[in-house]
Amino acid sequence: MLNPNGMSGKNISASMNSSRAKTLGDYLKSRRARLQPEQAGLRRSPGQRRTPGLRREEVAILAGVSATYYAWLEQGREVAVSREVIESIGKALRLNRDEHMHLLELWNANEPETATTITTEVKPQWREIVDQMAFPCFISNDRSELLAWNRSADGLIADFSSWPRERRNMMSMLFTDPKLRSRLLNWEEMAAHSVAMFRTSYDKYAHDPWFAQFVAGLSRESAEFAALWKLHRVEVKKVTRVFYEVPGRKQALAFDINSLAFTTDHPDLHLCIYSPVSD
């Protein structure tokens, strides 16, 4: 069993700073709460459990660390965490691929936490590229703010041009724009996936107060968003199929959404292209 210092033999340890440590602690707590003893290969003890999911002590046993050390991690204390320890905890919590990748990004032992700047303006030539695209597409940042879009996106997804700039946010519009919702036939699926993707950005920018303020505001506006947010699900960007109802057409239009990194100089920018799916 590893000791509370998180050291094991020749493994290199990393000390977590406060904001990253708290974010990691919250994430571990959320994953523990959703995991039942039977799912982790443990017997359910007699009587009613006061803790939703696994107990801290049970995770510690499964991961091979001390209960005190694991409790410190969930509490967001600044302790040394080795790769071996974080991998063991991930296995104990039965994380899937996306969740495991997110755990490693939160741990991020080899890189100090930096105050990454969010891009809020796009260059004119980038707008020209978007305008020339035949399919609906737009550029957004890690805040889900819309920075550029073409006419096809305006007609299919939502009337972006009519929204005030401060409200042009795909996450916000997904939950507050009734027209967008009525057009998007698989809204529930897209809403769950979008919130899970946004959670990865939220945790990545733990130092940025904008994210906490945005989540608090949207949670007040939308009970559906608030419920999905409490699940603390995380997913990476992937090709997603959506179905839109278009006035004048009997059949819905299907599109695959491809999200691409737009430029290496601005890793927070994403080019989202809606590629039509052939019948």
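In the predicted model, helix α10 makes the largest contribution to the lining of the largest cavity, supplying four residues. This cavity has a volume of about 50 Å³, and a search of the whole structure finds one cavity of 30 Å³ or more. Its lining is formed by A192, V195, A196, R199, L228, W229, L231, H232 and R233. Two elements, α10 (187-204) and α12 (223-230), give two or more residues each to this lining. By class, six of the lining residues of the largest cavity are nonpolar, one is polar and two are charged.

Two of the residues that line the cavity, V195 and L228, are also touched by F175. With residues up to four places away in sequence left aside, F175 is in contact with W187, A191, V195, L218, S222, E224, F225 and L228. F175 belongs to the largest nonpolar core, which has 35 residues. Within this core, the residues with the most contacts are I157, F160, F175 and Y274. A second core, separate from the largest one, comprises 26 residues, including V59, A60, V65 and V81. In soluble globular proteins, nonpolar side chains tend to be buried together.

Charged side chains were examined next. The structure holds 16 salt bridges. One of these joins the side chains of R31 and E99, with an N to O distance of 3.0 Å. The pair connects distant parts of the chain, R31 being placed in helix α1 (residues 18-34) and E99 in helix α5 (residues 97-107), 68 residues apart. Both R31 and E99 are buried. E99 also forms a salt bridge with R34, and the closest N and O atoms of this pair are 3.0 Å apart. Because R34 lies in helix α1 and E99 in helix α5, this pair ties together parts that are 65 residues apart in sequence. R31, R34 and E99 are thus linked in a network of salt bridges. The relative accessibility of E99 is 5%, under the 20% limit, and E99 therefore counts as buried. R34, by contrast, has a relative accessibility of 34%, between the limits of 20% and 50%, and so counts as partly exposed.

A further salt bridge is formed by E221 and R167, whose closest N and O atoms are 3.3 Å apart. This pair also links distant parts of the chain: E221 is in helix α11 (residues 209-221), whereas R167 is in the loop between α7 (151-156) and α8 (170-176), 54 residues apart. Both partners are partly exposed, E221 with a relative accessibility of 46% and R167 with a relative accessible area of 27%. Side chains of opposite charge can pair when their charged atoms come close.

R167 is also one of the residues nearest the centre of the second largest pocket, together with E145, R165, E166 and R168. About 380 Å³ of space lies in this pocket, and 20 residues line it. At least two lining residues are supplied by each of β4 (146-149) and α11. The largest share of this lining, six residues, comes from α11, the helix that also contains E221. The lining of the second largest pocket divides into seven nonpolar, five polar and eight charged residues.

Terms used:
Residues are numbered from 1 along each chain as its sequence is written. This is a predicted model: local features need pLDDT of at least 70, side-chain atom pairs count only at pLDDT 80 or more; totals for chains, interfaces and linings use all residues. Side-chain values use heavy atoms; hydrogens and water are left out. A nonpolar core is a set of buried Ala, Val, Leu, Ile, Met, Phe, Trp, Tyr and Cys residues joined through side-chain atoms within 4.5 Å. Buried means under 20% relative accessible area, exposed over 50%, partly exposed in between (1.4 Å probe, protein chains only). Contact means heavy atoms within 4.5 Å. A salt bridge is a side-chain nitrogen of Lys or Arg within 4 Å of a carboxyl oxygen of Asp or Glu. On a 1 Å grid over the protein atoms alone, a cavity is a set of points where a 1.4 Å probe fits but cannot get out, and a pocket is an open set with protein on both sides within 12 Å along at least five of seven lines; lining residues have an atom within 4 Å of a point. Grid points are joined across faces, edges and corners, and a volume is the space filled by probe spheres set on the points. Ala, Val, Leu, Ile, Met, Phe, Trp, Tyr, Cys and Pro count as nonpolar, Asp, Glu, Lys and Arg as charged, and the others, Gly among them, as polar.
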